[in-house]
Amino acid sequence: MSLPSRPLPVKPLVSLIFSQPALETAVFRDLAAFLGPPDMVSAWLHFHQTGYYAPEMGLNLQRRLAVFLHLADPSDLCHWKACTNDLERRFSLSGRRLVNLDPGYLSRERLVLATGKNYTHRLYLGQGFYGEVTLIYQKGSWRALPWTYPDYASELLRGFFTQARQKYLWQLRQLARKVEVEEKAPENLP
C-alpha cells in the first residue's frame, strides 16, 4: 500500500506571450502580487511556432519565460491558472487578449504546465484546469515528450530551464539545512 506524502515544493514559472511587449512591466507587477518576485526571466523570443494565437492577438508575437523566486506547493497550480486567466482578461482590449499567460512549475524531475484544454495526456487538476508534463529531466538533461511544444523542446529553452533547475536544487538544499537546524535546536530556550 502506498501512503500519501507531502510533495517537495516547486519553482513556479509562467510563459508570457505578448502582442504588446510594452505591457511587460505591468504584467510582471501583477504576477508578482501572487507569485512573488521573478527569479529569472528569459530573453525576448520571437514566437512563431504556431499561428494559433494570431487571429486573436495578431502577428509578431513575443515570448518570455519567467521562473519565480519563492518555492510553492504544486497543488497551487489551479489557483495560479485562475489568477493568470484573470490577468489575461484585465489586459484585454475589446475582448482580445494582449498577453497570453501559461503558468506551471519546475521540479527535480519534470516541468508541468497548466491549461484549460483537455487532451489524452493531460490530467484533471480541478477548477476546470488540466496539468501537462511538458518536459522530463532524465539522465542529466531535459527530454521532450511526443506532445512537447517545439519551442519548449528547443535547446535555448532547455538551457534556460536547466539554469532554473540548478537554482531550484540549491533552494531545496537551503530549505533542508534550515529544517535540520530547526530540528536540532533545543526546545526550551529561555
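Author: Let's fix one term up front: a helix crossing is right-handed if the near helix is turned clockwise from the far one by less than a right angle, and left-handed if anticlockwise. This is a predicted model, so local features need pLDDT of at least 70 and side-chain atom pairs count only at pLDDT 80 or more, while totals for chains, interfaces and linings use all residues. Residues are numbered from 1 along each chain as its sequence is written, and side-chain values use heavy atoms, with hydrogens and water left out.

Reader: Okay, helices to start with. At what angle do the axes of H1 and H3 cross?

Author: Helices (H or I, at least four residues) and strands (E, at least two) are DSSP runs numbered from the N terminus. Axes are lines fitted to C-alpha atoms, for helices over the stretch in contact, and angles run from 0 to 180 degrees between N-to-C directions. H1 covers residues 24-35 and H3 residues 77-90; their axes come within 11 Å and cross at roughly 155 degrees.

Reader: What does that make H1 relative to H3: roughly parallel or roughly antiparallel?

Author: Angles under 35 degrees count as roughly parallel, over 145 as roughly antiparallel, 65 to 115 as roughly perpendicular and the rest as oblique. The H1 and H3 axes cross at roughly 155 degrees. That makes the two helices roughly antiparallel.

Reader: And is the crossing of H1 and H3 left-handed or right-handed?

Author: Two packed helices are described by the angle between their axes and the distance between the axes. Handedness can be added for this pair: the crossing of H1 and H3 is right-handed.

Reader: Which residues in H3 do Asp30, Leu31, Phe34 and Leu35 meet?

Author: Contact here means heavy atoms within 4.5 Å. The four residues named belong to H1, and their partners in H3 are Trp80, Cys83, Thr84, Leu87 and Arg90.

Reader: By class, how many nonpolar residues does that contact have?

Author: Ala, Val, Leu, Ile, Met, Phe, Trp, Tyr, Cys and Pro count as nonpolar, Asp, Glu, Lys and Arg as charged, and the others, Gly among them, as polar. The contact of H1 with H3 has 2 charged residues and 1 polar one, and its nonpolar residues number 6.

Reader: On to the rings. What kind of pair do Tyr124 and Tyr130 make?

Author: Rings of Phe, Tyr and Trp (its six-membered ring) pair if their centres lie within 6.5 Å; planes under 30 degrees apart count as stacked, over 60 as edge-to-face and the rest as tilted. The whole structure has 8 aromatic pairs. For Tyr124 and Tyr130, the centres are 5.2 Å apart and the planes stand at 70 degrees, so the pair is edge-to-face.

Reader: Is Tyr130 buried or exposed?

Author: Buried means under 20% relative accessible area, exposed over 50%, partly exposed in between (1.4 Å probe, protein chains only). Its partner Tyr124 has 51% and is exposed. Tyr130 has a relative accessible area of 16%, so Tyr130 is buried.

Reader: Which residue forms an aromatic pair with Tyr137?

Author: The pair is edge-to-face, with 5.1 Å centre to centre and 80 degrees between the planes. The partner is buried, with a relative accessible area of 2%. The residue is Trp142.

Reader: What about backbone oddities: what is phi of Lys139?

Author: Lys139 sits in the loop between strand S10 (129-138) and strand S11 (141-144), and at 76% relative accessibility counts as exposed. Its phi is positive, in a residue other than glycine, and near 55 degrees.

Reader: Where does Asn60 lie?

Author: Asn60 also has a positive phi, near 55 degrees, and counts as exposed at 60% relative accessibility. Asn60 belongs to the loop between helix H2 (54-57) and strand S4 (61-68).

Reader: Is Leu101 buried or exposed?

Author: Leu101 lies in strand S7 (residues 99-106). Leaving aside neighbours within four places in sequence, Leu101 is in contact with several residues, including Val14, Val27, Thr84 and Leu87. With a relative accessible area of 0%, Leu101 is buried.

Reader: Last one: which residues does Leu157 touch, not counting those up to four places away in sequence?

Author: Leu157 is found in helix H5 and counts as buried at 3% relative accessibility. The residues touched are Leu45, Leu65, Asp151 and Tyr152.
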